[in-house]
Amino acid sequence: MMDAHALLQRLSQRLSPLADAERAKAMSDYMRQQFPFLGIATPSRRQQAKAWWAELGRQPEEPQLLALAEQLWQRAEREYHYIAIDLLIRFAQRLTPAARPVLSYMLQQHSWWDSIDPLSSKVVGPLCLRWPQLQPTLDAWSTDDNLWLRRTALLHQLGFKQQTRADILFGYCEANLDHPDFFIRKGMAWALREYAYTNREAVVDWVLQHRHRLSALTLREMRLKLPVADGSPV
């Protein structure tokens, strides 16, 4: 099995011929110039990544996965970051608590909603579900100075459905009620809206108790009809 550097060289050889400067500019503009892009369309990027993953074998070891993800994250172009995310999602069942430092690094570097959301819900969340001893890490992240760690904590239970820990969800939301950032307020709405599909009554009860502190953005984005004093929905 090739080392991480050799594998990344092979990946670059696959991606470089597909680079498109005009598309790259449009992609960077869409992301508010947060990152440079190669300019590779998502289907083409995923096709090349899938062929590249075949070189890893069916069951790559966790240390190699983490080394690859970290080195991909150190590249400038956003496509490499997307491939790192997809790599960890594809082999998520191989991850253990040993992945925490690399995940923490990825969540705090080159951070934007397009990386935070899939890492939160498809890597960090499933990892915490398998390894409950990681929950204190999410507890700390829910009030961290880094807003992207906070958003990760809010979103990590997306898709848990009946396995959602309502006490954790509501606790994290309450801890962030006064946070002024757009991404925190919208992330809170997303998490509450998602859980409402499983337990609407619990979400409505919590929202009514805290409605005076919830932002207009959060209330609007929840898209949840709430009862008023006379029992009619608003």
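Colleague: How do I read the packing of H10 against helix H12, and at what angle do they pack?

Modeller: The general idea first: a pair of packed helices is described by the angle between their axes together with the distance between those axes. In this predicted model, H10 and helix H12 (residues 200-210) pack at about 20°, and their axes are 12 Å apart. Since angles under 35 degrees count as roughly parallel, H10 is roughly parallel to H12. The crossing of H10 and H12 is right-handed.

Colleague: Which residues of H10 and H12 make the contact?

Modeller: On the H10 side look at Phe170, Cys173 and Glu174. Facing them from H12 are Ala202, Val203, Trp206 and His210.

Colleague: Let me try another pair. What are the angle and the axis distance for helix H5 and helix H7?

Modeller: Helix H5 (residues 78-90) and helix H7 (residues 113-130) pack at about 5°, with axes 10 Å apart. The cut-off for roughly parallel is under 35 degrees, so H5 and H7 are roughly parallel to each other. H5 brings Arg78, Tyr82, Ile85, Leu88 and Ile89 to the contact, while H7 supplies Asp114, Ser115, Pro118, Leu119, Lys122 and Val123.

Colleague: Okay, on to the core. Which residues touch the most other members of the largest nonpolar core?

Modeller: The general idea is that nonpolar side chains tend to be buried together in soluble globular proteins. Here the largest nonpolar core has 75 residues, and Trp52, Leu72 and Leu192 touch the most other members. Helix H11 (residues 182-196) gives this core its largest share, eight residues.

Colleague: Say I click on Leu192. What does Leu192 touch, leaving out residues up to four places away in sequence?

Modeller: With that exclusion, Leu192 touches Leu169, Phe170, Cys173, Val203, Trp206 and Met222. You've already met some of those names: Phe170 and Cys173 of H10, and Val203 and Trp206 of H12, take part in the H10 and H12 contact.

Colleague: Now a loop residue. Where is Thr164, and is Thr164 buried or exposed?

Modeller: Thr164 sits in the loop between helix H9 (147-155) and helix H10 (166-175). The trick is to check accessibility rather than guess from the loop: buried means under 20% relative accessible area, so Thr164, at 13%, counts as buried. Leaving out residues up to four places away in sequence, Thr164 touches Gln157, Leu169 and Tyr195. A polar atom of the Thr164 side chain also lies 2.8 Å from the backbone oxygen of Lys161.

Colleague: Which residue in the loop between helix H2 and helix H3 should I look at for its backbone phi?

Modeller: Try Gln33, in the loop between helix H2 (21-30) and helix H3 (42-53). Gln33 is not a glycine, yet its phi is positive, about 55°. Gln33 is exposed, with a relative accessible area of 52%.

Colleague: And what about His110: where does His110 lie, and what is its phi?

Modeller: His110 is in the loop between helix H6 (100-108) and H7. Its phi is near 55°, a positive value in a residue other than glycine. His110 is partly exposed, at 31% relative accessible area.

Colleague: Let's zoom out. How many helices and strands does the protein chain have?

Modeller: Count 13 helices and zero strands. The chain has 234 residues, of which 50% count as buried. Its C-alpha atoms fill a box of roughly 65 × 40 × 30 Å along the principal axes.

Colleague: Last one: what share of the contacts with a separation of 6 or more comes from residues 24 or more positions apart?

Modeller: Residues 24 or more positions apart account for 66% of those contacts in the protein chain.

Notes: Residues numbered from 1 in each chain as written. Predicted model: local features only at pLDDT ≥ 70, side-chain atom pairs only at ≥ 80, totals over all residues. Heavy atoms only, no water. Core = buried A, V, L, I, M, F, W, Y, C linked by side-chain atoms within 4.5 Å. Buried < 20%, exposed > 50% of the residue type's maximum accessible area, 1.4 Å probe, protein only. Helix = DSSP H or I, 4+ residues; strand = E, 2+ residues; numbered from the N terminus. Contact = heavy atoms within 4.5 Å. Polar contact = N/O pair within 3.5 Å; in protein donor to acceptor, adjacent residues only side chain to side chain. Axes fitted to C-alpha atoms, helices over the stretch in contact; angles between N-to-C directions. Parallel < 35°, antiparallel > 145°, perpendicular 65-115°, else oblique. Left-handed = near helix turned anticlockwise from the far one by under 90°.
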